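Q: Can you walk me through this one? I'm new to it.
A: Sure. Have a look, then ask away.

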Protein chains: 2
Amino acid sequence: MKDVAASAGVSLKTVSRVVNGESNVNDDLRAAVLEAIAALGFRRNASARELRQGRSGTVGLLLEDVADPFYSILSRAVEEIARDHGTMVFAGSSAEDADRERELALAFCERRVDGLIVVPAGTSHSYLLPEMRAGIPVVFVDRPPGDIEADMILTDNRGGSRRGVEHLLSHGHRRIGFIGDAPEIYTAGERLRGYRDALESAGIPFSDDLVTQAPPSPASTADALDRLLDGPSPATALLCGNSRTTVSVLRELARRSTRLALVGFDDVELGDLLQPGLTVVAQDPGAMGAAAARLLFQRIAGDTAGPPQTVTIGARLIPRGSGELPAP
Amino acid sequence: MKDVAASAGVSLKTVSRVVNGESNVNDDLRAAVLEAIAALGFRRNASARELRQGRSGTVGLLLEDVADPFYSILSRAVEEIARDHGTMVFAGSSAEDADRERELALAFCERRVDGLIVVPAGTSHSYLLPEMRAGIPVVFVDRPPGDIEADMILTDNRGGSRRGVEHLLSHGHRRIGFIGDAPEIYTAGERLRGYRDALESAGIPFSDDLVTQAPPSPASTADALDRLLDGPSPATALLCGNSRTTVSVLRELARRSTRLALVGFDDVELGDLLQPGLTVVAQDPGAMGAAAARLLFQRIAGDTAGPPQTVTIGARLIPRGSGELPAP
DNA sequence: CTGAAAGCGCTTACAG
DNA sequence: CTGAAAGCGCTTACAG
């Protein structure tokens with residue numbers, strides 16, 4: 001900038017004014033500055049600007065895995081809103097590791113992000129309190145934070161799960177299985193609750209035999225199916241608590257050439273092309289990302305008066321065939 | 001940092017030494033500094049550090065769409081390698097818009113990224129020359145840059161496509177269609193070349209009637225299928241030039257209940273669960289991202305002596321059923 | 001409308 | 001092993 005000023009024969013401050021598009025600059029001087037900028041290939045140094053201004057024009061986005069379709073769609077939605085605010089996005093994958101989450105979150109804070117969107121991996125988030133008090137707003141998505149109060153965007157997991165089970169009940173099923181993630185996972189717990197809600201409303205007693213809660217893996221899913229299908233009164237329908245489990249179940253059913261009424265929680269690509277089409281309770285990751293980003297920028301803009309907000313986003317049942325198979 | 005120094009009763013420089021993990025600090029002073037850091041909730045300001053050091057510890061990653069599975073897998077691979085180098089990743093989506101690509105790339109440069117990985121959207125990249133000369137290494141992925149020479153990571157599109165067609169030929173097909181993206185797209189051109197290579201080697205004359213080149217959309221794909229299937233000597237097999245087209249073709253075939261031997265370029269999730277399973281020529285986005293990141297960090301580390309490199313990554317044929325349907 | 005001076009929070013280069 | 005001074009490249013606050 002000093003070089004530009006020298007080359008254009010003006011002061012540093014005038015160059016700064018031109019670079020920042022301030023209006024009160026003489027046209028001739030402006031032209032001279034622009035010429036010098038082009039000639040020297042000048043590009044403003046954002047670090048210096050940030051240091052002086054105190055805000056960085058960046059936000060941090062902490063996901064479980066950038067490569068997972070659910071999070072990558074969420075991520076794109078955040079990017080679009082950030083773009084409207086002239087802000088760039090740092091994205092990082094916690095890989096479900098609490099230490100890595102913490103490390104990334106603090107690295108983002110060291111970079112003085114203007115705000116943070118976090119899909120929690122760990123169960124304790126008090127490490128963020130000093131940062132939040134120092135003025136970095138944080139919005140949690142998908143799961144509530146561990147031991148602090150904060151803004152969050154959640155799916156209506158319980159209601160969605162209930163709707164999925166009610167759908168199976170309405171097609172005559174009475175023995176409905178549930179295979180979900182480990183019970184410590186917030187969403188897994190909520191979805192199991194929705195399953196129980198639906199059974200209870202229908203006057204069907206809850207049975208432990210029909211429920212599996214474990215981290216999703218092809219092996220654990222195959223075991224769970226064994227338990228559901230190989231007993232004296234097998235399940236005729238199944239709610240899968242997450243998309244990884246749904247995919248494992250589909251592979252396992254294809255291998256066994258067994259049919260089973262099936263509703264998956266979370267949509268999977270090409271679900272409509274399977275035979276039968278896959279009925280799902282679909283979350284809306286784009287809407288979640290957009291809601292998180294909007295709330296974050298509202299906080300960044302200074303709206304920090306009220307208490308933490310919780311935004312709940314509905315889950316939609318999409319019937320495509322597998323959930324409409326009638327009970328035998 | 002000044003506050004920490006005052007609180008610990010040492011100089012700024014000693015705090016700096018502790019924060020940076022330098023070894024030559026007296027244990028008592030170190031302890032006092034660490035205590036002051038904890039008490040004050042101090043976090044080093046990265047902007048100031050970057051300004052002084054001249055490097056930012058960030059890289060920019062410019063994709064077509066962060067939400068596309070191909071790019072999100074590539075993105076995660078870049079993140080992992082960046083992490084090994086203590087570097088954060090800015091990711092942005094060009095949305096296939098040359099202006100937006102330029103705007104994002106220059107915004108990354110203004111933030112003084114240490115390097116840039118770019119999936120080109122536009123056809124001219126000379127706008128990056130000043131930045132490259134100023135010492136920001138740039139690696140292009142998936143497609144070559146427009147009008148400059150630079151490092152790049154490419155898939156063996158031509159060879160992969162050839163292998164896909166040879167696979168169909170080996171199952172007795174002679175009328176093999178090709179539906180690819182618009183001919184301006186580099187990868188589309190290469191894949192058409194591979195298609196021609198395979199036909200030529202088999203002594204089968206190339207026929208324009210069997211080829212469609214257009215931006216993928218459900219409507220254009222349906223039209224292309226009409227042309228291929230409704231004539232006097234219809235195609236018995238098809239190579240789809242990209243995954244969006246593959247999905248449209250699958251939907252269209254399901255609607256018509258027509259069968260056709262099919263090989264898709266690019267894998268799609270759940271392709272193994274379709275009936276028949278989807279045979280594809282699979283790119284390896286993870287390998288591409290990793291190769292790009294490795295080359296970039298090599299350049300950042302100062303290895304800029306040699307000429308630009310091109311790394312070509314193979315495409316693998318994965319037979320799953322659809323490509324093995326025999327010719328009638 | 002224009003500019004000179006101070007300072008953002010660090011690290012570098014140097015002295016002791 | 002420790003510290004005082006200068007400076008990275010901007011913007012802010014102020015004066016003219």
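Q: How much of chain A counts as buried?
A: Of its 328 residues, 47% count as buried. Buried takes 20 or more other C-beta atoms within 10 Å of the residue's own, exposed takes 12 or fewer, and partly exposed lies in between, with C-beta atoms placed from the backbone.

Q: What should I know about where this comes from?
A: This is a predicted model, where local features need pLDDT of at least 70, side-chain atom pairs count only at pLDDT 80 or more, and totals for chains, interfaces and linings use all residues. Residues are numbered from 1 along each chain as its sequence is written, while chains are lettered from A and ligands numbered from 1 in the order in which they are written.

Q: What is the secondary structure of chain A?
A: Chain A has 12 helices and 12 strands. These are DSSP runs numbered from the N terminus, with helices (H or I) of at least four residues and strands (E) of at least two.

Q: Is chain A spread out or compact?
A: Its radius of gyration is 26 Å, well over the 20 Å that the globule rule gives for 328 residues, so chain A is more spread out than a compact globule. The radius is taken over C-alpha atoms, and the rule is 2.2 Å times the number of residues to the power 0.38. The C-alpha trace spans about 90 × 40 × 30 Å along its principal axes.

Q: What domains does chain A have?
A: Domain 1 is 2–44, domain 2 is 56–155 + 285–314, and domain 3 is 157–283. The bounds come from an automatic or database domain assignment.

Q: How do domain 2 and domain 3 of chain A touch?
A: Seven residues from domain 2 of chain A meet seven residues from domain 3 of chain A. Contact requires C-beta atoms, placed from the backbone, to lie within 7 Å. The domain 2 side has four nonpolar, one polar and two charged residues. Here Ala, Val, Leu, Ile, Met, Phe, Trp, Tyr, Cys and Pro count as nonpolar, Asp, Glu, Lys and Arg as charged, and the others, Gly among them, as polar. The two domain centres, taken over C-alpha atoms, are 30 Å apart.

Q: New topic. How does chain B superpose on chain A?
A: A rotation of 180° with 0.0 Å of shift along its axis does it, at RMSD 0.1 Å. That is the relation of a two-fold axis. The fit is by least squares on C-alpha atoms of residues with pLDDT of at least 70 in both copies.

Q: And how many residues are in the contact between them?
A: Chain B gives 42 residues and chain A gives 42 residues. On the chain B side, the elements giving two or more include helix H5 (69–84) and helix H6 (98–110). That side has 22 nonpolar, nine polar and 11 charged residues. Also, 100% of the interface residues of chain B are interface residues in chain A too, so the copies meet through the same surface.

Q: Which residues are closest to DNA strand C?
A: Ser11(A), Asn24(A), Asn26(A), Met1(B) and Ala48(B), out of 23 that surround the strand. Near means a C-beta atom, placed from the backbone, within 6 Å.

Q: Which helix gives the most there?
A: H4(B), with five residues.

Q: And around DNA strand D?
A: There, Met1(A), Ala48(A), Ser11(B), Asn24(B) and Asn26(B) come nearest, of 23 residues. H4(A) has the largest share, five residues.

Key
Two residues are in contact if their C-beta atoms, placed from the backbone, lie within 7 Å.
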